[in-house]
Amino acid sequence: MPFLERKVGMKWQGLKIPIIIVSLLAGMALFFAGQWLYQKYSFNDPINYALNSNQSIESFSISNKGSVLQVNVTLKYDEDMMLSYKELRKELTEAMGKKDFQLILGDNRNDVLRQVWYNSQYAVYEASFQGNFQDMAAAVNEEARASGVDAIINVDQGNIYLRLKHEGHTLDQVIALNVNKNYGNGQAPATGGGNNDQGN
């Protein structure tokens, strides 16, 4: 009788346990392989091609943050930051389709650039809400000249683009415009670093 009990215990509802385990593992392997192939050929390959073929990019990296793909890009020193940024967003949108992504601009800022940005950011964020762009440009250029920094400022319908350059180092910021937006109580929402952009 103990022998029969041990023999029956090796089955689960008439099926052998090793066969069930092997089937589950095989199913999981096929599922993850399918996900990997979908990710590779639907998103990763087109994105890598777009980034590798873009001549304005110094370096880039791609990572996942939940369901959002993060694309970290550093632009070359002599590139027009606004034009390069807008072209890159267009290329990524075409490659990603409806999938969410976040474009993050990296740079190699030094202490001089950090200080100029620290002293200038109030004027920049004020302009993003009030639209006083000439005052902003004057304030940024004054801070930049005092430290021997080149400042390139551009504005379009959606963003303020600021690139600071000093002895081979760059600091890049993209700040969303909030002019004419109604916030109800008149208080502006908290604003982050300004160099991140959510796609789709």
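The following exchange explains how terms such as buried, core and salt bridge apply to this predicted model.

Reader: What makes up the chain, and in what order do its elements run?

Author: The chain holds five helices and nine strands. From the N terminus on, the order is α-β-β-α-β-β-α-β-α-α-β-β-β-β. Of its 200 residues, 32% count as buried.

Reader: Why is Lys165 called buried?

Author: The relative accessibility of Lys165 is 14%. Buried means under 20%, so Lys165 counts as buried.

Reader: Why is Asp78 called exposed?

Author: Asp78 has a relative accessible area of 66%. The term exposed applies over 50%, and therefore Asp78 is exposed.

Reader: How do you know that Asp78 and Lys165 form a salt bridge?

Author: Their side chains meet at 3.9 Å, N to O. A salt bridge requires a side-chain nitrogen of Lys or Arg within 4 Å of a carboxyl oxygen of Asp or Glu, so the pair qualifies. Asp78 lies in the loop between β4 and α3, whereas Lys165 belongs to strand β7, so the salt bridge ties together parts that are 87 residues apart in sequence. The whole structure has five salt bridges.

Reader: What makes Arg109 and Asp107 a salt bridge, and are these residues buried, partly exposed or exposed?

Author: The closest N and O atoms of Arg109 and Asp107 are 2.7 Å apart. The limit is 4 Å, so the contact is a salt bridge. Arg109 has a relative accessible area of 23%, and Asp107 has a relative accessibility of 22%. Partly exposed covers the range between under 20% and over 50%, so both residues are partly exposed.

Reader: Where do Asp111 and Arg114 lie, and how do you know that they form a salt bridge?

Author: Both lie in helix α4 (residues 111-130), three residues apart, about one turn of the helix. Their side chains meet at 3.0 Å, N to O, and the limit is 4 Å, so this is a salt bridge. Asp111, at 60% relative accessibility, counts as exposed, while Arg114, at 41%, is partly exposed.

Reader: Which residues touch the most other members of the largest nonpolar core?

Author: This core has 19 residues, and Ile47, Leu51, Val71, Val73, Leu88, Leu92 and Leu103 touch the most other members. The elements giving two or more residues to this core are α2 (17-52), β4 (68-75), α3 (81-96) and β5 (101-106). Helix α3 gives the most, with seven residues. A second, separate core of 16 residues includes Tyr125, Met136, Val149 and Leu177.

Reader: Why is β5 described as mostly covered?

Author: Five of the six residues of β5 are buried. Buried means under 20% relative accessible area, so β5 is described as mostly covered.

Reader: How do you know that β4 and β5 pair?

Author: Six bridges join β4 to β5, which run parallel. Pairing needs at least two bridges, so these strands pair. The bridge partner of Val73 in β5 is Leu105. The chain crosses from β4 through α3 to β5, and this β-α-β crossover is right-handed.

Reader: What makes β6 and β7 a pair, and how many residues lie between them?

Author: Strand β6 (residues 150-155) and strand β7 (residues 159-166) share six bridges in the antiparallel sense. At least two bridges are needed, so the strands pair. Ala151 has Leu164 as its bridge partner in β7. With three residues between them, β6 and β7 form a hairpin.

Conventions
Residues are numbered from 1 along each chain as its sequence is written. This is a predicted model: local features need pLDDT of at least 70, side-chain atom pairs count only at pLDDT 80 or more; totals for chains, interfaces and linings use all residues. Side-chain values use heavy atoms; hydrogens and water are left out. Helices (H or I, at least four residues) and strands (E, at least two) are DSSP runs, numbered from the N terminus. Buried means under 20% relative accessible area, exposed over 50%, partly exposed in between (1.4 Å probe, protein chains only). A nonpolar core is a set of buried Ala, Val, Leu, Ile, Met, Phe, Trp, Tyr and Cys residues joined through side-chain atoms within 4.5 Å. A crossover is right-handed if, with the strands pointing away from the viewer, the path from the first strand over the helix to the second runs clockwise.
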